[in-house]
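Colleague: I should like to go through this model with you before we discuss it at the bench. May I put some questions to you while we both look at it?

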Amino acid sequence: EHLREQGEGIHHLCFEVEDIEGLVAGLLKQGVRMRDQKPRLGSRGSRVAFAEPEAFGGVIIEFCQFPKP
């Protein structure tokens with residue numbers, strides 16, 4: 001669906017972070033609109049949170065924290 005609507009190109013960017021709860025809380029405090037108000041379960045045991053694309057110039061931004069080994 002994304003390819004049909006947007007064409008080829010990057011779908012989203014993901015940044016690995018050490019403290020996803022702290023990052024999300026800080027972004028919300030700064031007024032950044034987030035799709036996820038709290039981190040949720042992602043793939044491979046990770047926790048993820050997405051920002052609203054409009055908050056970053058139309059680019060979908062994902063933040064991801066992987067479990068410590």
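Colleague: Is Lys-68 buried or exposed?

Modeller: The model is a predicted one, and the answer rests on a computed area. Residues count as exposed when their relative accessible area is over 50%. For Lys-68 the relative accessible area is 64%, so this residue is exposed.

Colleague: With which residue does the side chain of Lys-68 form a salt bridge?

Modeller: The contact is between a nitrogen and an oxygen that lie 3.1 Å apart, and the limit for a salt bridge is 4 Å. The partner has a relative accessibility of 59% and counts as exposed. The partner of Lys-68 is Glu-18.

Colleague: How many residues apart in sequence are the parts that this pair of Glu-18 and Lys-68 ties together?

Modeller: Glu-18 is found in the loop between β1 (12-16) and α2 (20-29). Lys-68 belongs to the segment after β4 (60-65). The salt bridge therefore ties together parts of the chain whose separation in sequence is 50 residues.

Colleague: How many salt bridges does a search of the whole structure find?

Modeller: The pair of Glu-18 and Lys-68 is a salt bridge, and so is the pair of Arg-35 and Glu-52, because its closest N and O atoms are 3.7 Å apart and the cut-off is 4 Å. Arg-40 and Asp-36 form another, with 2.8 Å between the closest N and O atoms. Over the whole structure, the number found is four.

Colleague: In the salt bridge of Arg-35 and Glu-52, which residue counts as buried?

Modeller: The two residues come from distant parts of the chain, 17 residues apart: Arg-35 is in the loop between α2 and β2 (40-41), and Glu-52 is in the loop between β3 (47-50) and β4. Arg-35 has a relative accessibility of 45% and counts as partly exposed. The other partner has 19%, and buried means under 20%, so the buried residue is Glu-52.

Colleague: What relative accessibility does Asp-36 have?

Modeller: Asp-36 is the salt-bridge partner of Arg-40. Arg-40 is partly exposed, with a relative accessible area of 41%. Asp-36, by contrast, counts as buried, and its relative accessibility is 10%.

Colleague: Which residue in β3 stands opposite Arg-40?

Modeller: β2 and β3 run antiparallel and are joined by two bridges. They form a hairpin with five residues between them, and Arg-44 in the turn has a positive phi of about 55°. Across from Arg-40 in β3 is Val-48.

Colleague: Which residue in β4 is the bridge partner of Ala-49?

Modeller: β3 and β4 pair in the antiparallel sense over four bridges. In this pairing, Phe-50 stands opposite Glu-62 in β4. The bridge partner of Ala-49 is Phe-63.

Colleague: Which strands stand at the edges of the sheet?

Modeller: The four strands make an open sheet with mixed pairing, in the order β1-β4-β3-β2. A strand at an edge has a single partner, so one of its sides is left without a neighbour in the sheet. The edge strands are β1 and β2.

Colleague: What pattern does the protein follow along the sequence?

Modeller: The protein has two helices and four strands. Helix α1 covers residues 2-6, and α2 covers residues 20-29. Read along the sequence, the pattern is α-β-α-β-β-β.

Colleague: How far apart in space are Ile-10 and Ile-60, C-alpha to C-alpha?

Modeller: Ile-10 is placed in the loop between α1 and β1, and with a relative accessible area of 68% it is exposed. In sequence, Ile-10 and Ile-60 are 50 residues apart. In space, their C-alpha atoms are separated by 9.4 Å.

Colleague: What is the distance in space between Gln-6 and Cys-64, C-alpha to C-alpha?

Modeller: Gln-6 lies in helix α1 and counts as exposed at 56% relative accessibility. Gln-6 and Cys-64 are 58 residues apart in sequence. Their C-alpha distance in space is 24 Å.

Colleague: What share of the residues in the protein is buried?

Modeller: The C-alpha trace spans about 35 × 30 × 15 Å along its principal axes. The accessible surface comes to about 5100 Å², and carbon and sulfur atoms hold 53% of it. Of the 69 residues, the buried share is 30%.

Terms used
Residues numbered from 1 in each chain as written. Predicted model: local features only at pLDDT ≥ 70, side-chain atom pairs only at ≥ 80, totals over all residues. Heavy atoms only, no water. Buried < 20%, exposed > 50% of the residue type's maximum accessible area, 1.4 Å probe, protein only. Pairing = 2+ DSSP bridges. Areas by Shrake-Rupley, 256 points an atom, 1.4 Å probe, with all protein chains shown as cover.
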